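Q: Before we look at the model together, could you show me how to read its features one at a time?
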Amino acid sequence: MSEQIVATYRVLTRLPLERAVSAIAGEQSTGTFVSVRGETDELRARHSAVVLSITELPAPSEPLPGAIGDGPVTAGLVRIGFPLENTGPSLTNLLPVVAGNLYELRELAGLKLVDLELPAAFGSSYLPARFAVPGTRRLVGRPSGVLIGTIVKPNVGLRPADYVDLVRELGLAGVDFIKDDEVNADCPPAPLPQRVRAVTAALDEVERRTGRRPMYAFNISDEPDRMLRNHDMVVAAGGTCVMVNLNIVGFPAVAMLRRHARVPIHAHVTGIGALARHPGLGIGHVAYQKLARLTGVDHLHCGGFHSKFYVTDDEVSAMVAAVREPLLGGFPCLPVLSSAQWAGTAPVALERTGTTDLLVLAGGGVLGHPDGPAAGIASIRQAWVAAEAGVPLDEVDEPELRSALKHFGGVIQK
């Protein structure tokens, strides 16, 4: 048998499971709704997808509209092998096969891609992250411990001069990482060229005064040719990181950027809720991170514990664990926690991940601290030190942490 790409799906259907699964295998390889000329036995033997296993599961109660059949909804965990010869080791060819026109099949009342097993050829065809955990630590001068970052807020509306003041303040306070918001790429009123000049000037000053240079992730998301030019502009100005909206730009475009990039690529996953939120539709977090890491990104957002968005702590734990597992023998990546992260989420984050090889991004948790951003950074660092020592946060005698617990504890509810 030829090499296979094995896709695992959670399938819902009103038809017999075997019939629904056969529709997936046929539609995504050699078949269509009728027999066609040229669909020979030899061709099918070489290129047809193969159903490897079906395991029945409890079915949720909300099937997709338009599903055919009169029976009750049944569910199964299904593994399907697609011949590598159909796609080659190509993300551009892989995605239409494992996550393309199968969601629309009327034989299905629900479908979610939950895992992927990829042949070694993919590892030879794509460049892994160049920096990941060790390279990022080296660039920010933080050899151990959790990396603490923040997001420029307000996320839109600031002028270039505002960036100078904020980045200087954060850098002098000892932050490791700062990033643009996902909604702010090359946008008025702070176009990317102006923002790059303002931010790098502030970073230069911080480095002169402290000897450390925080990493700033400039959002260079754009059409592919412009994105490469944006990268070059950031590097020429002395920038040490670029950010892309992975789902908006597209996986193949980010792989192209990786071949060109000279600095770490910070991957934001804006839009992932449309893929992952519904249990009966889309792409699950574990399968998603494999696709993302193949593009060669250095940092990957994994959600956040006690998040303001809808993602469960179990899903975040699974995503972080998956990102930390070697993929095809490599493709390392730094997991990123974000969304309502603050000092108070340090214990659960450490308990659920078991590591400090994390980049924790706290926007409001830093900038919304009642005593200012410097106190916000200090409170989070104090909380992680306490969590690592097994000390309850309310027993820590640090004014910044006490103030954070009093302020945010009354605002953020799980």
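Q: Which residues in α13 meet which residues in α14?
A: In this predicted model, His285, Val286, Tyr288, Gln289 and Arg293 of α13 meet Glu315, Ala318, Met319, Ala322 and Val323 of α14. By class, the residues of this contact divide into six nonpolar, two polar and two charged.

Q: How do the axes of helix α13 and helix α14 cross?
A: The axes of α13 (residues 285-294) and α14 (residues 313-324) come within 9 Å and cross at roughly 35°, and the crossing of α13 past α14 is right-handed.

Q: What is the general idea behind looking for empty space, and what lines the second largest pocket?
A: Rolling a probe the size of a water molecule over the atoms shows where empty space is left. Here the second largest pocket, with a volume of about 210 Å³, is lined by Arg10, Lys112, Val114, Ala276, Gly284, His285, Val286, Glu315 and Ala318, and the elements that give two or more residues to that lining are β4 (110-117), α13 and α14. His285, Val286, Glu315 and Ala318 thus appear both in this lining and in the contact of α13 with α14.

Q: How much space lies in the largest pocket, and which residues are the closest to its centre?
A: About 800 Å³ of space lies in the largest pocket, and of the 39 residues that line this pocket, the closest to its centre are Ser307, Lys308, Phe309, Ser338 and Ser339. The lining divides into 16 nonpolar, 16 polar and seven charged residues, and the largest share, three residues, comes from α12.

How values were computed:
Residues numbered from 1 in each chain as written. Predicted model: local features only at pLDDT ≥ 70, side-chain atom pairs only at ≥ 80, totals over all residues. Heavy atoms only, no water. Axes fitted to C-alpha atoms, helices over the stretch in contact; angles between N-to-C directions. Helix = DSSP H or I, 4+ residues; strand = E, 2+ residues; numbered from the N terminus. Left-handed = near helix turned anticlockwise from the far one by under 90°. Contact = heavy atoms within 4.5 Å. Nonpolar A, V, L, I, M, F, W, Y, C, P; charged D, E, K, R; others polar. 1 Å grid on protein atoms, 1.4 Å probe; cavity = no way out; pocket = protein on both sides within 12 Å on 5 of 7 lines; lining within 4 Å. Points joined across faces, edges and corners; volume = space filled by probe spheres on them.
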